[in-house]
Amino acid sequence: MTAEPSDPAPFAWTRKHLLGLEELSREEITAILDTAEAFSEVSNRSRKKVPALQGRIVFNLFFENSTRTRTSFSLAAKRLSADVQDFSANVSSISKGETFIDTAKNIEAMGCDVMVVRHPTPGAPHLLSQHVQSSIINAGDGAHEHPTQGLLDLMTIRRAKGSFEGLTVALLGDIAHSRVARSNIWGLLKLGAKVILCGPPTLVPRSMERLGCEVAYHLDEILPRCDVVNVLRIQFERQQRGLFPSVGEYSQFYMMTRERVRKAKDDLLILAPGPINRGVELTPEVADGDHSAILDQVHNGLAVRMAVLYFLSGKNPDAE
Amino acid sequence: MPTIQITGGRVIDPSRDLDATGDVWIRDGKIAPDGGGEPADTVVDARGLIVAPGLIDVHVHLREPGQEEDETIATGAAAALAGGVTTVACMPNTLPPIDTQAAAEFVVLQGQRARQANVYPVGCVSKGREGKEMATLGQLVAGGAVAFTDDGAPVSNAGLMRRALEYSKMFNLVIMQHCQVMELTDGGVMNEGFESTRLGLGGMPAAAEDIMVARDIRLAEITGGRLHVQHISTARAVELVREGKKRGIRVTAEACPHHFSLTDDRLRTFDSNFKMNPPLRTAEDVAAVIEGLKDDTIEILCTDHAPHAREKKMRELDHAPFGIVGLETLLPITVTHLIEPGHLTWPQAIRKLTINAANLLNLPRKGTLRPGADADVTVIDPALAWTVEAARLRSKSKNTPYDGWRVRGRAHTVIVGGEIRYALGGADDVA
Amino acid sequence: MASREVLLSDEGRIAGLVAEMARRIWTGAAGDPPVRLIGVRARGVPLAERLAAEAAKLGFQAVAVGAVDITLYRDDLEQARRWPVLRGTEIPFDVDGADLVIVDDVLYTGRTTRAAINAVCDLGRPSRIRLAVLVDRGGRELPIRPDVVGLVVEADRRDRVQVRLRPFDAADEIVRMPAELAPPGPGRSLS
């Protein structure tokens, strides 16, 4: 190590927070994916732990339930030897007195280096980043972004397909209310993929075309062109709000079935951010079939979150 | 009472189509034709400054009674003076709302006690602002109300709106309507469009405003009542008001600085100081609002001054209340965004801030420098460049989207009822 | 700038040093368990590959070579201004019971070696670990001593000793220069 490696692509991470993929450059996204590949090896060891973040404290600050994401972040932090503490709060109880910012400041007073924040309101992690010293990782803010989910989807696609150039990726379902969709859109477009947004008009706003995506209402028309389909979860309360007439009708138009997969490319890759509704977005045989990368996504999620925690734990030169 | 001579200024009094260098005399709380041969007790040197009738803001929220942590009538009326505003009409969405004579009298009384800007109450259209039964409009008038509105929310019930427009004719007062179809804005925090889609935030479509404006213009037409469209913000709504006027319907409209100086992409910072209702719209809407101001479709400039204490406003966007303070930035944003770019001349802008507002509220002795009128005068330094600093605002709340903006134009001396109540850099000007 | 650089070894000399290092690593080696090499990223890796090539000439074919990224084990990670992209640890063999040689280009404070030992031991329990370095420039801060050394260099603390190896660099050479001339890297040097 006397001679610093003359890296083929010298890159230095400079951000203090990870708030969304919209703000990241292609180089930054690639650096996270490359580093996540390196961390992927750690998960395969018998001793699944490295000392990188010894003595650091990571708080999971969840104002909305999400056992999966929280568990993935916890495990990622633990594999880096950080201490992890969960803090779950009910937003409605918080709104009565103590504000969300007060809550975060209280937690920071206990000692905290990284806050992993899940909140139902878009922009809540941004707001927090202006009021606390810790690094903030957005673990999902309303319908805005879910950057680590976007990154793990990108990693899964890159592992299966090698690169993004020339790739056509469809995001399927409730785009309007999906943070996963937005993070996917930013990441995929930056890395050079073509993105199709597919779902009923009430859930796929036309204005998304201005981001550079194609908007389609009929899955059967676009599926043969797709290399990847990312199947978003449908929330049943949307049906109650009149955004689509019935779950059955939705499934008829948009469920990934064996028949549909048969008409798609042979190497179609199917992602689903989970938790999935079997028999609504995907049939069980598709969810568990050869095209499905659902479990790879979970594995990659851990590696991506380790990479993000690793980068954000470095000293921010701007903060000095 | 001491006499005042304001000397050497550019006197702009649109009520008399006056724009000339000259003196304004004040005696016994009224505008006087001249000094009557006597030297004035106080002389205000207005050379290089503009002398205008005291500015009138037809749309402010002073939060008293009920939310004094946000603003009081005294602090709001003081903020008005610092902004060059001598008269405010305050909205009735207080706790409890101003829906009775006693409640209106309370506002008048608190305004008199404060001795800052003149404060007039606007009464509710419906009892309890519930949108069901008409409030006692006549008793509200007896208590001092100068107009009616359920602002903060629209009068959604078309039947009630129709009756209110009809009934209010007996007082010749306006129904001010917050035009919004609530069924279309449920869960919305910003304008619906590309930006809301991009940010994942709930949208409020422009159509929600347009549809209500269209409905109410039609109701004004069939009733002959006076409809005033509050804080107009969409291109189509401006067009509808223009058409209505052309057809001779009694409809007026007001626009606020944020709707001609800011667009919805500001929400990208997720800063709740850009959250208001109606929301910031698109560049096309801003252009249409400016066009409406130019051709007098929109005859009034006002603020929708909506103070919120920091702990309420500095929250997640879904939980932060709508609204921003505006009294102290009304004048400079008008100067930098309407006058300097050449959209309006000084006399045109001052007309929208004075005589047109006085006419809207039926205040014959306000908004003019005609001899015998109330001696409310705003002396403006049109060239003064300064930086808006939220922390230095006089309003109790600091929720401005203009913090740090470099602007031009500021109140220099403000006279209310023949009394100098504010002087820039004076003892009463902490800033 | 180049004039203040002192060339300590050129390409030919380095080839000789590597051949001699290989001879000493495999002297007396029985072949069971086989000697396996682990290069410390970055330049320990091509060096390990060259040693493996030399071993072939000595009759030890297909020596397995792995790579260790010590970034996560650095004791100065806290102070690093910017954290580098991980290149990752890639060791294509089981380290349990293995006879390992950790290979690095320059040995200085010993901290890199300490990190490399920890990183390797997190993967299993080798029967033996030796240390082979192309250059020992002295200045140790930990009780670490190389088993095989190519070149011993007397260097002042203010000096920087740099090994350049293809394919990372344009040429193979060992140079000494004043530290202030050294190009800034993404992280602080441990050596």
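A residue counts as buried if 20 or more other C-beta atoms, placed from the backbone, lie within 10 Å of its own, as exposed if 12 or fewer do, and as partly exposed in between. With that in hand, welcome to a predicted model, where local features need pLDDT of at least 70, side-chain atom pairs count only at pLDDT 80 or more, and totals for chains, interfaces and linings use all residues. Residues are numbered from 1 along each chain as its sequence is written, while chains are lettered from A and ligands numbered from 1 in the order in which they are written.

**Strand β3 and its partners**

- In chain A, 6 of the 6 residues of strand β3 (residues 114–119) are buried, so this strand is largely enclosed by the rest of the structure.
- A:V114, A:V116 and A:R118 point one way from β3(A), and A:M115, A:V117 and A:H119 point the other way.
- Strand β1 (residues 57–62) of chain A runs parallel to β3(A), joined by 5 bridges, and A:N60 stands opposite A:V116.
- Strand β4 (residues 135–141) of chain A also pairs with β3(A) in the parallel sense, over 5 bridges (pairing takes at least two DSSP bridges).
- A:V116 stands opposite A:I137 in β4(A).

**Helices α6 and α7**

- The axes of α6 (residues 147–161) and α7 (residues 179–191) of chain A come within 8 Å and cross at roughly 50°.
- Residues making this contact (C-beta atoms within 7 Å) include A:L151 and A:L154 of α6(A) and A:V180 and A:L191 of α7(A).
- By class, the contact has 5 nonpolar, 5 polar and 1 charged residues, with Gly counted as polar.

Technical notes:
Axes are lines fitted to C-alpha atoms, for helices over the stretch in contact, and angles run from 0 to 180 degrees between N-to-C directions. Helices (H or I, at least four residues) and strands (E, at least two) are DSSP runs, numbered from the N terminus. Two residues are in contact if their C-beta atoms, placed from the backbone, lie within 7 Å.
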